[in-house]
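Q: Please take a close look at disulfide bonding in this model. I would then like the answer to extend to the pocket, the loops and the confidence of the prediction.

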Amino acid sequence: MGSGSAGRKIVAVVGASGAQGGGLVRAILADQSEEFGVRAITRDLESPKAQDLVRAGAEVVQADLDDFDSVRKAFDGAYAVFCVTFFWAHYSPEKEFVQASSMARAAKESGVEHAIWSTLEDTRQWVPPTDSRMPTLMGKYKVPHFDAKGEANKFFQDRGVPTTFLLTSFYWDNLIHFGLGPKRGPDGRLALTFPMGDRKLPGIAAEDIGRCAYGIFKKGASLRGRTVGIAGQHLTGAQMATALSETLGREFVFESVSPEEYRRMDVPGAEELANMFQFKHDFQEVFCGARDVAFSRELNPSLQTFATWLARNKDCIPIG
Ligand SMILES: NC(=O)c1ccc[n+]([C@@H]2O[C@H](COP(=O)([O-])OP(=O)(O)OC[C@H]3O[C@@H](n4cnc5c(N)ncnc54)[C@H](OP(=O)(O)O)[C@@H]3O)[C@@H](O)[C@H]2O)c1
C-alpha cells in the first residue's frame, strides 16, 4: 500500500501551498534518497502557487477540507498524510474540528500507514472555561485555535489512525507576516511587545516545521502514536530583541505588557493572542517542556536558530 509508480512511498500533504505543508513538500522534493514521493493538495489546481508546485516536481491534486470525498480521494493510496487546519483563514474552531474529523476518517479509510496531525494543546486541560484567570472566548474556549486542535486529537486516536501528534511553535515569520513585528513606540524606540514578561517563548522558522515533519515520516514506526513537540529555540522577549538589535544593527527593545493591555492592542486577534501568550507565560514549564529543541534538530539537522532565521530574513522585518 502507498507506493507510487516510481516505487516511492507517497506522502499526501494538506496545505501544500502554505507554510507548514509547503516546507514538507520542499523537504521531500529536496531529498535525493527517493524513498518518499509527494502529493501536494490544493483547492485550486490553476493557482500560481499550485503551478509552482507542479514546476517543482510535485504531483498536485485538488481537494478541499470542507469536502470529505475530495479529501478521501486525495489520501487514497498514500503511505502517509500530513494534516493541518487553517484557523486564521476563518477564525472558527468548530470548522477546524470538523475538518480534522474528516481528515482522520479519510486517513483511516485510505489505510495510510502514518499520519501527522499538526495540533496544539487544549489549554482547557490547564485552564478550564470556569477559570477566571483569562476570559472564555467564543462560548467555550480559552485559546480557540489551540483548544479545538487539541480536542480534535481524539478523532485520530478513536479511529486508530497511526498518528504522530505534532505540537508546533510560534512562527518567527509572524514578525513579518502576522502583524506581530516590532513597532515604534511613543518614545521612538522599536519595541517587540508580547505579554510574556521574562518567560521563554518557543519559536521556530515556519519552514522548519515541514522539515521536522519529514524527519518524523523518515523515523516512521517509532513515532507512531507519539506526541512530538518542536521548536528552533526557546527565547525570552528580551533575548529576541537583543538578537534583532545585533542582526539589524539598530536598537530594539522588548516591552512586556499585561495580558489585559495586550487584549486592547491593535493587533489581529488580540483577545485570542493575549490568552495564548498568557497560557505560554503561566504554564511555561509545560509548554516549553513539550517542545524539545535537541530532538527537533535530530529530526531536522538544518533546524534554524532565531539568529540564523533573522540573518536570512532581516530585510523583511518591518521597522515602521
Ligand atoms: N502562525 C503561527 O505562529 C502558528 C504556530 C503554530 C500553529 N499555527 C497553525 O498553523 C495553521 C495554519 O498552517 P499554515 O501556516 O501552514 O497555513 P497557511 O500558510 O496559511 O497555508 C494555508 C494553505 O492551506 C490551504 N487551504 C486553506 N483552506 C483550505 C481548505 N479548506 N482545504 C484545503 N486546503 C486549504 C491553502 O492552499 P490552497 O489555496 O492552495 O488550497 C493555503 O495556501 C493554523 O491553524 C494555525 O493555528 C500557526
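**Sulfur distances and disulfides**

A: In this predicted model, the sulfur of cysteine 83 has its closest cysteine sulfur in cysteine 212, and because the two are 17 Å apart, they are too far from each other for a bond. The cut-off that matters here is 2.5 Å between the sulfur atoms. Cysteine 212, in turn, has its closest cysteine sulfur in cysteine 288, at 16 Å, which is again too far for a bond. The structure accordingly holds zero disulfides. As to their surroundings, cysteine 83 has 0% relative accessibility and therefore counts as buried. Cysteine 212 is likewise buried, since its relative accessibility is 0%.

The pocket comes next. The largest pocket has a volume of about 1400 Å³, and 49 residues line it. Those that lie nearest its centre are Ala19, Thr85, Phe86, Trp88 and Tyr171. By class, its lining comprises 20 nonpolar, 17 polar and twelve charged residues.

Ala19, one of the residues nearest the pocket centre, leads to a neighbouring loop. Helix H1 spans 19–30, and the loop between strand S1 (9–13) and H1 contains glycine 18. Glycine 18 has a relative accessible area of 31%, so it is classed as partly exposed. With neighbours within four places in sequence set aside, glycine 18 is in contact with Gly23 and Arg26. Its C-alpha is 21 Å from that of proline 202, and the two residues are 184 residues apart in sequence.

On the other side of H1, the loop between H1 and strand S2 (36–42) holds glutamate 34. Most residues other than glycine have a negative phi. Glutamate 34, although not a glycine, has a positive phi of about 60 degrees. Its relative accessible area is 48%, so glutamate 34 is partly exposed. Methionine 138 is another non-glycine residue with a positive phi, in this case of about 50 degrees. The loop that holds methionine 138 runs between strand S5 (114–119) and helix H6 (144–151). Methionine 138 counts as partly exposed because its relative accessibility is 44%.

A further loop, between helix H12 (270–282) and helix H13 (284–289), contains phenylalanine 283. Its relative accessible area is 15%, and phenylalanine 283 is therefore buried. Once neighbours within four places in sequence are left aside, the contacts of phenylalanine 283 are with Trp126, Val127 and Arg133. Arginine 184 lies 99 residues away from phenylalanine 283 in sequence, and their C-alpha atoms are 30 Å apart in space.

As for confidence, the mean pLDDT of the protein is 96, with 98% of its residues at 70 or more. Over residues 1–5, however, the pLDDT is below 50, although this stretch has 16 contacts in the model beyond near neighbours in sequence.

To return to the request, the structure holds zero disulfides. The sulfur of cysteine 83 is 17 Å from the closest cysteine sulfur, and that of cysteine 212 is 16 Å from its closest, in cysteine 288.

How values were computed
Residues numbered from 1 in each chain as written. Predicted model: local features only at pLDDT ≥ 70, side-chain atom pairs only at ≥ 80, totals over all residues. Heavy atoms only, no water. Buried < 20%, exposed > 50% of the residue type's maximum accessible area, 1.4 Å probe, protein only. 1 Å grid on protein atoms, 1.4 Å probe; cavity = no way out; pocket = protein on both sides within 12 Å on 5 of 7 lines; lining within 4 Å. Points joined across faces, edges and corners; volume = space filled by probe spheres on them. Nonpolar A, V, L, I, M, F, W, Y, C, P; charged D, E, K, R; others polar. pLDDT = per-residue confidence, 0-100. Contact = heavy atoms within 4.5 Å. Helix = DSSP H or I, 4+ residues; strand = E, 2+ residues; numbered from the N terminus.
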